[in-house]
Amino acid sequence: MKYEILKLLANNAKYTASEIATMLGADEKEVSNTIKELEKDDYIRGYKAVIDWDKLDGAYVSAVVELNVVPKAGLGFEEVAEKVMAYKEVEAVYLMSGNYDLNVIVKGKSLQDVARFVARELATIDSVSATATHFVMRRYKEMDVNLISAEDDDRGQLWV
Amino acid sequence: MIDYGKILNKTVTEIKPSGIRKFFDIAATMDDVISLSVGEPDFQTPWAIRKAGIESLQKGKTKYTSNWGLVKLREEISNYMERKLNLKYCPDEEVLVTVGGSEAIDACIRAVVADGDEVIIPQPSYVCYEPMTRLAGGVPVIINVKAENNFKVTAKELEATITDKTKLLILPYPCNPTGAIMEKQDLEAIYEVIKDKNILILSDEIYSELTFGGKAHISPACIDGMKERTVIVNGFSKAFSMTGWRMGWACGPKEIVSQITKIHQYAIMCAPTTSQYAAIEALKNCDEDVQYMMKQYDMRRRIMVKGFNDIGLKCNEPKGAFYAFPSIKSTGMTSEEFCEKLLYAKNVAVVPGTAFGDSGEGFIRASYCYSVEHINEAIKRIGEFLKEI
């Protein structure tokens with residue numbers, strides 16, 4: 001049931017315990033207790049809205065920054081990752097397989113803002129040997145949600 | 001000047017337009033209508049199926065197929081029938097690929113029914129059986145199934161309806177609009193009534209994948225002695241979310257299917273080739289997609305049934321298809337009145353039960369082929385409407 005509840009909440013965090021209980025054919029009390037447990041045990045780390053920021057002119061720009069890191073003996077990539085994630089400009093940090101090591105999603109008010117942040121902060125961290133910054137030009141889909149409006153339904157009436 | 005009245009076939013001009021049509025017409029003129037009226041899956045056709053269609057086009061497979069349908073598809077249909085119902089149909093003689101389940105129903109009725117033959121139709125049920133029977137020259141004989149019997153046809157009702165002229169019994173289960181299903185013992189009771197009579201069953205099983213509560217669909221043909229007197233109609237529209245592909249099939253005794261095929265051959269030639277290639281993929285590799293959609297429908301079904309009961313419209317649990325059929329008798333309104341007023345007052349479109357036969361009076365049909373949010377909003381508005389009337 002935990003997994004079923006998580007799947008539903010991942011899809012829509014606004015589902016109430018009562019709705020989830022109905023959908024799963026489960027007891028409401030049990031569902032609401034399970035959700036509390038999932039929150040307490042850090043399975044659920046937060047609830048956030050999916051926002052189409054592109055609708056607000058100049059709300060923010062974001063970039064994917066690839067970091068090459070020289071890992072430290074005993075500490076691996078953790079030390080750098082912790083430094084990177086401490087910045088409020090950083091939205092997400094992932095350790096990657098492949099050509100580079102850390103994938104960092106950075107947001108800022110403007111291109112210059114992000115560029116400055118990468119140059120002054122990320123690039124200067126000890127053991128970061130190289131950076132490559134890719135600016136996001138348009139968001140099509142965010143957290144499973146389609147952000148571009150669907151095509152008009154031009155099918156006409158069906159009488160059945 | 002030409003007199004169209006004298007040109008047109010009276011049987012056709014006398015067919016009433018579908019009762020659902022009126023509400024669609026009104027709803028189409030309004031803004032911000034939230035609809036629970038459409039009996040069509042809101043999922044995209046699974047990508048693998050669409051891809052199979054595209055690939056067949058890329059390879060230039062755009063010509064006619066066999067009248068019966070592609071051999072490979074008939075084999076897959078035969079496998080599917082065995083996998084799902086443990087019934088064996090020979091792909092060469094007992095399986096016909098049709099343009100949706102609708103064509104299979106029409107052709108089967110036309111193959112069996114001639115002037116004056118009686119066709120027994122349980123109602124409330126899907127709207128096509130009665131007009132198709134009339135077009136074939138037959139006489140529809142209606143059984144008004146009852147809510148207290150969970151909208152099943154009972155042996156007693158059937159017995160009272162059969163005459164020497166009865167040729168065909170339509171069994172539309174899982175049922176649109178009631179959500180009723182027939183279980184093994186119900187079908188066995190039907191068998192007892194017809195076993196010594198020369199009556200064929202047309203079993204419309206288009207919603208066979210959509211049964212809830214752990215009970216898998218059972219076909220009348222699964223009952224001992226019934227396979228030889230049953231034509232099963234099914235299709236891809238509902239289970240695989242393939243409404244626009246227009247793909248269905250008929251399975252039955254070769255003596256009947258070969259005659260249905262004659263009608264199909266002259267009226268249609270063959271089902272659309274692209275759709276047939278896509279359908280092969282659907283039957284071969286898409287069980288998981290079907291399961292996923294099924295699970296979504298089940299959750300929406302629970303939300304809708306609880307929603308209706310919570311606002312005071314008594315709604316029994318639908319066991320199949322994707323409709324709830326709540327009673328609106330507590331409002332004192334007729335079904336049509338209720339639906340029209342609801343549409344104008346709250347911009348919510350549902351279908352009056354009477355669109356599916358006179359015995360649908362006092363009920364409305366609400367489809368749950370919509371997101372949970374959409375269903376919740378519609379039910380909230382219906383709840384407000386109930387308080388204001």
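## Worked exercises on a two-chain predicted model

Helix H10 (residues 254-267) of chain B lies across S2, S7 and S8 of chain B, at about 25° to S2(B). Helices (H or I, at least four residues) and strands (E, at least two) are DSSP runs, numbered from the N terminus. Axes are lines fitted to C-alpha atoms, for helices over the stretch in contact, and angles run from 0 to 180 degrees between N-to-C directions. This is a predicted model, in which local features need pLDDT of at least 70 and side-chain atom pairs count only at pLDDT 80 or more, while totals for chains, interfaces and linings use all residues. Residues are numbered from 1 along each chain as its sequence is written, with chains lettered from A and ligands numbered from 1 in the order in which they are written.

**Exercise 1. Work out the strand order of the 7-stranded open sheet of chain B.**

Step 1. Going across the sheet, read S2-S8-S7-S6-S5-S3-S4, with mixed pairing. Two strands pair if DSSP finds at least two bridges between them.

Step 2. Find the edges: strand S2 (95-98) and strand S4 (139-144) of chain B each pair on one side only.

Step 3. Add the twist: neighbouring strands of this sheet are turned by 20° against each other on average, direction ignored.

Step 4. Zoom in on one pair. Strand S7 (residues 230-235) and strand S8 (residues 248-251) of chain B are antiparallel, over 4 bridges, and B:Asn234 faces B:Trp249 in S8(B).

**Exercise 2. Describe the open sheet of 3 strands in chain B.**

Step 1. The order is S9-S12-S11, paired antiparallel.

Step 2. Strand S9 (323-324) and strand S11 (351-352) of chain B are the edge strands.

Step 3. S9(B) is joined by 2 bridges to strand S12 (residues 364-367) of chain B; there, B:Ala324 has B:Ala366 as its bridge partner.

**Exercise 3. Is B:Ile375 buried or exposed?**

Step 1. Locate B:Ile375 in helix H14 (residues 372-388) of chain B.

Step 2. Count neighbours: B:Ile375 is buried because 22 other C-beta atoms lie within 10 Å. The cut-offs are 20 or more such atoms for buried, 12 or fewer for exposed, and partly exposed in between, with C-beta atoms placed from the backbone.

Step 3. List the contacts (C-beta atoms, placed from the backbone, within 7 Å). Leaving out residues up to four places away in sequence, B:Ile375 touches B:Arg300, B:Ile303, B:Met304, B:Gly307, B:Tyr368 and B:Tyr370.

**Exercise 4. Show how the two domains of chain B meet.**

Step 1. Take the bounds, which come from an automatic or database domain assignment: domain 1 is 4-45 + 288-388 and domain 2 is 47-285.

Step 2. Their C-alpha centres lie 24 Å apart, and the contact takes 32 residues from domain 1 of chain B and 34 residues from domain 2 of chain B.

Step 3. On the domain 1 side, helix H12 (287-310) and S9 of chain B each give two or more residues, and H12(B) gives the most, with 6 residues.

**Exercise 5. Find what covers the buried residues of H2(A).**

Step 1. In helix H2 (residues 17-24) of chain A, the buried residues are A:Glu19, A:Ile20, A:Ala21, A:Thr22 and A:Met23.

Step 2. Their cover includes helix H1 (2-11) and helix H3 (28-40) of chain A, together with H12 of chain B.

Step 3. Look just past H2(A), where A:Gly25 takes a positive phi of about 65°.

Conventions. Two residues are in contact if their C-beta atoms, placed from the backbone, lie within 7 Å.
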